[in-house]
Amino acid sequence: MRDFSNKPFWREKPLAAMNSQEWESLCDGCGRCCLNKLEDWDSGEIAWTNVGCQLLDGHACRCRDYENRQATVPDCVALDAAKVRELTWLPPTCAYRLVGEGRDLYWWHHLVSGDRETVHDAGISVRDRTVSEVGMELEDYEEYVAEWPGENPMDDAA
């Protein structure tokens, strides 16, 4: 039976019930999950950096080898519904996090706007604002701590 409610799938389905196409389409293309983060072991506080994974295309905000990323970067986290609930470092603007929390997508998300460029136009993505981790020592990451838009989302962003 066809569904005539016209509600978008992310408002109707929990993350765990989404098919692979729906799941992949939720990614807003901000690139922030591909940034290295520093965690304070005592407080659990996350400090964001602008140091991108070796596979991050800093302009496209996409993985250069998504299908094989875990072979190249073994600690790359493959998101699933359970991990979305557990991970503390997903940006508050992340569609997976929002949907997992029962919230709606922001106006700039391509599934809402119809345009994959709005995440960049809104200044949410890391486009052209990253440095590569290649050749960088872990101790140097502290020099690249950054604040990213959306850590405190605007009230009218949703």
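Is Arg103 buried, exposed or partly exposed? Select Arg103 to find out: with a relative accessible area of 39%, Arg103 is partly exposed. What you have open is a predicted model, and this tour goes from charged pairs to rings and then to places where a charge and a ring come together.

**Stop 1: around Arg103**

Keep Arg103 selected and add Glu101. Their side chains meet in a salt bridge, at 2.9 Å from N to O. Glu101 is partly exposed too, at 43% relative accessibility. Now add Arg97 to the selection: salt bridges with shared partners link Arg97, Glu101 and Arg103 in one network.

**Stop 2: two more salt bridges**

How many salt bridges does the structure hold? There are seven, and two more of them are worth a visit here.

Select Lys13 and Glu22 next. This pair forms a salt bridge whose closest N and O atoms are 2.8 Å apart. Try showing the surface here. Lys13 has 29% relative accessibility, so this residue counts as partly exposed. Glu22 has 13%, so this residue counts as buried, the limit for that word being under 20%.

Then move to Lys7 and Glu12. Here the side chains meet in a salt bridge at 4.0 Å, again taken from N to O. Glu12 counts as partly exposed because its relative accessibility is 41%, between the 20% and 50% limits.

**Stop 3: paired rings**

Leave the charges for a moment and look at rings. The structure holds three aromatic pairs. For one of them, select Phe9 and Trp10: this pair is edge-to-face, with 5.4 Å centre to centre and 90 degrees between the planes. Turn the view until you see one ring plane edge-on. Trp10 is buried, with a relative accessible area of 9%.

How do the rings of Tyr106 and Trp108 sit, stacked or edge-to-face? Select both and compare the planes. The planes are at 10 degrees and the ring centres 5.5 Å apart, so this pair is stacked. Both Tyr106 and Trp108 are buried.

**Stop 4: charges over rings**

For the last stop, select Lys37 together with Trp89. The charged end of Lys37 sits over the Trp89 ring, 4.5 Å from the ring centre.

Finish with Arg69 and Tyr66. Which residue's ring lies under the charged end of Arg69? The ring is that of Tyr66, and the charged end of Arg69 is 4.0 Å from its centre. Look down on the ring from the Arg69 side to see the arrangement for yourself.

Notes:
Residues numbered from 1 in each chain as written. Predicted model: local features only at pLDDT ≥ 70, side-chain atom pairs only at ≥ 80, totals over all residues. Heavy atoms only, no water. Buried < 20%, exposed > 50% of the residue type's maximum accessible area, 1.4 Å probe, protein only. Phe/Tyr/Trp six-rings, centres within 6.5 Å; stacked < 30°, edge-to-face > 60°. Lys NZ or Arg CZ within 6 Å of the ring centre and 35° of its normal.
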